[in-house]
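Trainee: Let's go through this one together, please. I'd like to ask about its rings and its surface.

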Amino acid sequence: MHSQQVTAGPSSDDGVERDSTAGEVPGVLRSPASGADRAPLVFDVIIAGCGPTGATLAAELRLHGVRVLVVEKETEPASFVRIVGLHIRSLELMAMRGLLDRLLQHGRRRPAGGFFAAIPKPVPTGLDSAYAYLLGIPQPVVERLLEEHAAGLGAQVRRGRAVAGFEQDDEGVTVELSDGERLRSRYLVGCDGARSTVRKLLGVGFPGEPSRTDTLMGEMKASASQEEIAARVAEISEPHRPFWLRPFGEGAYSVVVPAEGVSDRTEPPTLDDFKRQLRAIAGTDFGVHSPRWLSRFGDATRLAERYRVGRVLLAGDAAHIHPPIGGQGLNLGVQDAFNLGWKLAAQIRGWAPETLLDTYQAERRPVAEGVLDNTRAQVELTSAEPGPQAVRRLLTELMDFEEVNRHLIEKITAVGVRYDFGEGPDLLGRRLRDIEVKQGNLYGLLRRGRGLLLDRTGRLTAGGWSDRVDHLADPTAGLDVPCLLLRPDGHVAWIGDDQRDLDDHLSRWFGRSTG
């Protein structure tokens, strides 16, 4: 076995965990090897993949003192400058952890409208967020800032290594890396993308639909003026095609064209491929030149059958893939990480309620199902067939109603997500917008990744959970409810004003009281 000096982060509580993974589940070894045959337990969690999902998860775990190793097969971060969009909910989560200002320095704010099937509609009124915009930002910048954030909190990142195999038992996971090193951790999380090695080795099914239609996407400059491009694009009588040229500043454009006729899928597309497709559709190639990046993607849609098997979990593209229409993929993975991070940390620290970790799949898989459905619908609306085009025209009319336009934008930006926490007010299970409180703003109080009791009555307490939940008594808080309990991911876990009822919900989400 390859021997390598490993420096662990701060120790976590190595007491008895509440979760038993000894049930009859695939991939769990029923007769674990003796301690002498195992690698020493150095990490609590090993994360495969240091993309946005993996880096975000590492940071969330480190907020709770969990020892984390992230392994990434690529030796260097991506060099191509691809612009991605951070939607409203992701911006809110970044604000909660104090990262948004750093991201804003490198991105461009854009209106939060016209996302659904690229149907050009204005920003709907009444979006309930202080961050109601799209942030266009280079993907390498996002990945760098998130990785720096995780490393700054104490996560270890090793590049040029990948998970090659693993075995799990009742007490942990033995992970073999591509360089032959074997490491031991309590949990393994696969954030290693659509072709996830972790998912494949785990034997989790990835059913769905294979790609039927390919599209070319890239970013490049154009010699034609912005006015000329906008006028020609507006004149084209076939809006159903997957086709657009959208300015990204400094003379650069996001270009999407059909891949029909570009038959060699084994080779990356070239600038000449884009020029031919543009001339076929628009009658001109607009003098495109100096590409930043060029890619080809299909409309495959797949969802993992399970997000967890014993001590191995999946997140991000390892758990779900879909066409990029609407720009939801990166956002969905980051939001997976925020949901999973505090729950897995609670499991490792020993205070998690018995079923807390199971709520990760129960909450996030239905959200992914919804995203897959809305991308399926959007893809159908780009079809050239008469039926889908009739539906597109009808939906275009319906989106003139503010309620319809807002509903679709809330779907894509994830501010409409409501987890099923049982019966209660409509706000229960939803994220809470950033509001002003006497100590500044609400999201500023969530930077440590802890729960928060927001108490307008001044009569309640979270004393027995003070090591996990902060308490703010603020009668001036801008709420129309007396008190509420927020989870570390900003979702409302309880609403009311009765201490006994509050204690029950604190126990449900944050385990037993220490008082």
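Mentor: Sure, but one rule before you start: a charge sits over a ring if NZ of Lys or CZ of Arg is within 6 Å of the ring centre and within 35 degrees of the ring normal. Keep in mind that this is a predicted model, where local features need pLDDT of at least 70, side-chain atom pairs count only at pLDDT 80 or more, and totals for chains, interfaces and linings use all residues. Residues are numbered from 1 along each chain as its sequence is written, and side-chain values use heavy atoms, leaving out hydrogens and water.

Trainee: How far is the charged end of Arg 487 from the centre of the Trp 509 ring?

Mentor: That charged end sits over the ring of Trp 509. The cut-off is within 6 Å, and here the distance is 4.8 Å.

Trainee: Is Trp 509 buried or exposed?

Mentor: Buried means under 20% relative accessible area, exposed means over 50%, and partly exposed is in between (1.4 Å probe, protein chains only). Trp 509 has 2% relative accessibility, so it counts as buried.

Trainee: How many aromatic pairs are there in the whole structure?

Mentor: Rings of Phe, Tyr and Trp (its six-membered ring) pair if their centres lie within 6.5 Å; planes under 30 degrees apart count as stacked, over 60 as edge-to-face and the rest as tilted. A search of the whole structure gives a total of six.

Trainee: Trp 342 and Phe 510 form one of them, so how many residues apart are they?

Mentor: Their rings are tilted, with 5.9 Å between centres and 35 degrees between planes. Helices (H or I, at least four residues) and strands (E, at least two) are DSSP runs, numbered from the N terminus. Trp 342 belongs to helix H8 and Phe 510 to helix H12 (residues 499-510), and the gap in residues is 168.

Trainee: Which residue forms an aromatic pair with Phe 421?

Mentor: This pair is tilted too, at 4.8 Å centre to centre and 55 degrees between the planes. Phe 421 lies in the loop between H11 and strand E19 (436-437) and its partner in helix H12, so the pair ties together parts 88 residues apart in sequence. That partner is Trp 509.

Trainee: How many residues of helix H2 are buried?

Mentor: H2 covers residues 88-96 and is mostly covered. Its buried residues include Ile 88, Arg 89 and Glu 92. Out of nine residues, the buried number is nine.
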